[in-house]
Amino acid sequence: MSKLPAKTSRPPRIRQKLPRSFKDFTPTKAFNPRTFFREMVWKALLTPRMGEHRQPVFPKLTPGQVALTWIGHASFLVQFTNLNVLIDPNFANWLFLLKRIKRSGLRIEDLPPIDLVLLTHAHFDHFHKPSVRKLPHPKIGVMPWGMGDLARNLGFERIVELDWWESFSHADWKVTLTPCKHWGARVLRDHHRGYGGFVLEHQGRKIYHAGDSAYFDGFKQIGTDLAPEIALLPIGAYRPESFRNVHMGPDEAMKVFHDVRAKWLVPMHYGTFRLSFEDLDEPPRWLRQLANDGGVSDRLRILEEGVPEVF
């Protein structure tokens, strides 16, 4: 493992107080029980589940080509000629009370053999243990610091924890954990767990998955130091405004796209689970408008769940 110089390896630890009300269960402190049930549970229950599992037709690649398949939410299959990578795999129809509104684009049994799994943080919508446990024996799991104990007994041959700016190389690929503005606790008292995004480098290509994040100036450093070509950026869960403390909307994602100096923008983290108050179809509609207004519509690739696209 290696580390880029002169960077903050981890965020400072913040001592957390015990929650005094339901609102304290999220860093935004925006929920009360009635609002949570109405917006996240009841509205989702009334929404018919959409989408379909597709029988994948994976493309035959040549060296240097990469195929991306959006599974839904923040989950992607990344394929090279000799490497299959899953990022934040989640095939669940339910997350406790939260209903999946759009089916996963692929079934687990239709996946190719998985060489590498990247987990950006421990939240249940990104690190879904039942999904990981059902994968066909993934070889290596890479994740931020403090998450290794959660990944034990899930089928990995090797578990690697990274600090921010730390890289892990194996064979001819490399992955670097990048900073973000979010939080890593899975439950109430495990704030020692890390969080971040990843830059995956292989066959001359660089793919950046930002994980969950609000906007912060650190994206510029990612662009300067790692120069990703393809940016997978979250665009949902930004209403009410307090949610922007930990998430970003399409307007900020477009800013991140320019900050990291990517060639392609691929949006994610929308339209799958109801995690906030905006309409499920608002984020991609707004993003298209911003791309048209900014003259970058030819660099926006909105993927359809379960359909591989070659870059």
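Just after helix α5, R261 takes a positive phi of about 65 degrees. Helix α4 has a similar sequel: A227 follows α4, and its phi is positive, near 45 degrees. Both values come from a predicted model. This report starts with these two helices, moves to a strand residue beside them, and then turns to the whole chain and its empty spaces.

**Helix α5**

How many of the ten residues of α5 are buried? Seven are, so α5 is largely enclosed by the rest of the structure. The buried residues are P250, E252, A253, M254, V256, F257 and D259. Their cover includes helix α4, strand β14, strand β15 (264-268) and helix α6 (282-293).

**Helix α4**

Helix α4 runs from residue 218 to residue 226. Its buried residues are G218, F219, I222, G223 and L226. Viewed down the axis of α4, they fall within an arc of 155 degrees, so they line one face of the helix. What lies over them? The cover includes three strands, β11 (173-178), β12 (197-202) and β13 (205-209), and also helix α5 (250-259). Helix α4 in turn is part of the cover over the buried residues of α5.

**L233 in strand β14**

Strand β14 spans residues 230-234 and contains L233. Is L233 buried or exposed? Its relative accessibility is 0%, so L233 counts as buried. Beyond its neighbours within four places in sequence, L233 is in contact with a list of residues from several parts of the chain: Y208, A210, A253, V256, F257, L265, V266, P267 and M268. Among these, A253, V256 and F257 are also buried residues of α5. L233 and D212 are 21 residues apart in sequence. In space, their C-alpha atoms are 8.4 Å apart.

**The whole chain**

The chain has six helices and 16 strands. Of its 311 residues, 56% count as buried. Along its principal axes, the C-alpha trace spans about 55 × 40 × 40 Å. How does the radius of gyration fit a compact globule, and what is its value? A compact globule of 311 residues would have a radius of gyration near 19 Å, and the chain's 18 Å agrees with that. Contacts also reach far along the sequence. Taking contacts between residues at least 6 apart in sequence, 68% join residues at least 24 apart.

**Empty spaces**

Rolling a probe the size of a water molecule over the atoms shows where empty space is left. The structure holds one cavity of 30 Å³ or more. The table sets the largest cavity beside the second largest pocket.

| Space | Volume | Lining residues | Make-up of the lining |
|---|---|---|---|
| Largest cavity | about 100 Å³ | 15 residues | six nonpolar, six polar, three charged |
| Second largest pocket | about 260 Å³ | 16 residues | six nonpolar, two polar, eight charged |

Which residues lie nearest the centre of the largest cavity? They are A237, Y270, G271, F273 and E278. In the second largest pocket, the residues closest to the centre are M50, W70, K102, G271 and E305. G271 thus appears in both central sets. The linings can also be read by residue class. Eight charged residues belong to the lining of the pocket, whereas three charged residues belong to that of the cavity. Six nonpolar residues occur in the pocket lining, and six occur in the cavity lining.

How values were computed:
Residues numbered from 1 in each chain as written. Predicted model: local features only at pLDDT ≥ 70, side-chain atom pairs only at ≥ 80, totals over all residues. Heavy atoms only, no water. Buried < 20%, exposed > 50% of the residue type's maximum accessible area, 1.4 Å probe, protein only. Helix = DSSP H or I, 4+ residues; strand = E, 2+ residues; numbered from the N terminus. Arc of directions from axis to C-beta. Contact = heavy atoms within 4.5 Å. 1 Å grid on protein atoms, 1.4 Å probe; cavity = no way out; pocket = protein on both sides within 12 Å on 5 of 7 lines; lining within 4 Å. Points joined across faces, edges and corners; volume = space filled by probe spheres on them. Nonpolar A, V, L, I, M, F, W, Y, C, P; charged D, E, K, R; others polar. Rg over C-alpha atoms; globule rule 2.2 N^0.38 Å.
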